[in-house]
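Here is a friendly walk through one chain, with the sequence and the coordinates at hand. Please keep the viewer open as you read.

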Amino acid sequence: VRIRLGARAFNMSKQPAGRPAGMAVAQPALLGLLHESCARYPNYRLDLSTTVTAPVWENGRVVGVEVTRGQTRETVRASCVVVCAGRQSNLRSAVKLEARELEAGYSVLWLRLDPSDHPELYPDSLDGSIAQKAYFVVYPTHGKRVQLMRKRKRKYPLGARMHPARIRREPLDEVDERWPPLVDTHFVSGREKPSFSLVTDPTDQGWVPGMVSLGAAA
């Protein structure tokens with residue numbers, strides 16, 4: 001991990017013998033690993049293409065969830081329902097677990113870059129750069145791609161309705177001089193707007209009888 005102010009690296013972090021300080025793991029790979037490990041247990045089951053729509057209550061307690069699979073609706077019963085969804089979770093709202101926003105949201109921009117034409121730019125570390133308006137993080141990701149994260153200061157908001165082409169070019173004036181060739185010519189994204197806002201919004205109570213909400217990072 002390297003942290004830079006302009007071109008000057010002022011902080012570096014690595015384990016003894018030069019081993020990496022950490023590893024970024026793609027979510028599909030992590031979920032695949034969890035599925036493989038859980039599949040060793042006879043009562044484990046994974047339901048794909050299934051949407052949870054509402055909790056099921058009996059005698060003041062959550063005893064399962066209603067789900068849809070394609071055009072089919074059914075009930076899945078459970079002794080305990082663990083909700084691992086974020087702040088817009090319909091389950092959390094359905095059981096009236098109200099959230100409090102502790103700070104104003106800030107904008108985050110994600111760009112997935114293809115360095116195949118610039119192999120010399122493929123990073124061997126997580127590089128953080130502090131610029132006037134934003135903080136950047138660049139690191140290698142799955143599929144031999146490069147991920148660039150840009151956290152914008154609150155007084156320089158990144159408009160949610162900004163055109164994707166402008167969002168792509170916005171960092172060019174601030175990002176480290178090595179990255180503009182990638183940002184400018186190798187922008188790859190399956191999303192129309194690769195930006196979102198982050199807020200911290202805990203609940204005063206994270207459970208009701210039969211159900212506990214752990215949040216999106218669970």
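## A glutamine in a strand

Let us begin with Gln147, which belongs to strand E10, spanning residues 145-152. This is a predicted model, so the numbers below describe computed coordinates. Is Gln147 buried or exposed? Gln147 has a relative accessible area of 11%, and because the cut-off for buried is under 20%, Gln147 counts as buried.

Which residues surround Gln147 once its neighbours within four places in sequence are left aside? On one stretch of the chain, Gln147 is in contact with Trp110, Leu111 and Arg112. Its other partners are Val137, Val138, Tyr139 and Thr141.

## The chain as a whole

Stepping back, the chain has 218 residues, and 29% of them are buried. Its secondary structure consists of four helices and 14 strands.

How do contacts spread along the sequence? Take the contacts between residues at least 6 apart in sequence: 59% of these join residues at least 24 apart.

## The largest pocket

If you are thinking about cavities and grids, the largest pocket is a good place to look. Its space comes to about 1,400 Å³, and 36 residues line it. Those nearest the centre of the pocket are Leu46, Asp47, Val52, Val82 and Cys84. By residue class, the lining holds 23 nonpolar, nine polar and four charged residues.

Which elements supply the lining? At least two residues each come from helix H1 (27-38), strand E3 (51-58), strand E4 (61-69), strand E5 (72-77), strand E6 (81-83) and helix H2 (90-94). The element that gives the most is H1, with six residues.

## Helix H2 and its surroundings

Two residues of helix H2 can be viewed side by side: Leu91 and Ala94. Leu91 has a relative accessible area of 7% and is buried, whereas Ala94, with 39%, is partly exposed.

Thr53 serves as a reference point for both. From Leu91 to Thr53 there are 38 residues in sequence, and their C-alpha atoms are 7.4 Å apart in space. From Ala94 to Thr53 there are 41 residues in sequence, with a C-alpha to C-alpha distance of 9.5 Å. Beyond its neighbours within four places in sequence, Leu91 is in contact with Val52, Ala54, Pro55, Val65, Val83 and Met211.

## Two more buried residues

Val83 also appears among the residues that Ser213 touches. Ser213 sits in strand E14, residues 211-213, and counts as buried because its relative accessibility is 16%. Not counting residues up to four places away in sequence, Ser213 also touches Arg92, Leu97 and Gly206.

Val63 is located in strand E4 and is buried too, at a relative accessible area of 12%. Setting aside neighbours within four places in sequence, Val63 is in contact with Val56, Trp57 and Glu58, and also with Val76, Arg77 and Ala78. For one of these partners, Val76, the separation is 13 residues in sequence and 8.7 Å in space, C-alpha to C-alpha.

## Lysines with positive phi

Most residues other than glycine have a negative phi, so positive values are worth a look when you check backbone torsions. Lys96 has a positive phi of about 60°. Where is Lys96 found? Lys96 is in the loop between H2 and strand E7 (106-113), and it is exposed, with a relative accessible area of 65%.

Lys144 also has a positive phi, near 55°. The loop holding Lys144 runs between strand E9 (134-141) and E10, the strand where Gln147 has its place. Lys144 is exposed, with a relative accessible area of 56%.

## Rings and charges

Lys144 has one further feature: it lies over the face of Tyr122. How far is Lys144 from the ring centre of Tyr122? The distance is 4.0 Å.

How many aromatic pairs does a search of the whole structure find? The result is zero. Rings pair if their centres lie within 6.5 Å, so the search found no two rings that meet this cut-off.

Notes: Residues are numbered from 1 along each chain as its sequence is written. This is a predicted model: local features need pLDDT of at least 70, side-chain atom pairs count only at pLDDT 80 or more; totals for chains, interfaces and linings use all residues. Side-chain values use heavy atoms; hydrogens and water are left out. Rings of Phe, Tyr and Trp (its six-membered ring) pair if their centres lie within 6.5 Å; planes under 30 degrees apart count as stacked, over 60 as edge-to-face and the rest as tilted. A charge sits over a ring if NZ of Lys or CZ of Arg is within 6 Å of the ring centre and within 35 degrees of the ring normal. On a 1 Å grid over the protein atoms alone, a cavity is a set of points where a 1.4 Å probe fits but cannot get out, and a pocket is an open set with protein on both sides within 12 Å along at least five of seven lines; lining residues have an atom within 4 Å of a point. Grid points are joined across faces, edges and corners, and a volume is the space filled by probe spheres set on the points. Ala, Val, Leu, Ile, Met, Phe, Trp, Tyr, Cys and Pro count as nonpolar, Asp, Glu, Lys and Arg as charged, and the others, Gly among them, as polar. Buried means under 20% relative accessible area, exposed over 50%, partly exposed in between (1.4 Å probe, protein chains only). Contact means heavy atoms within 4.5 Å.
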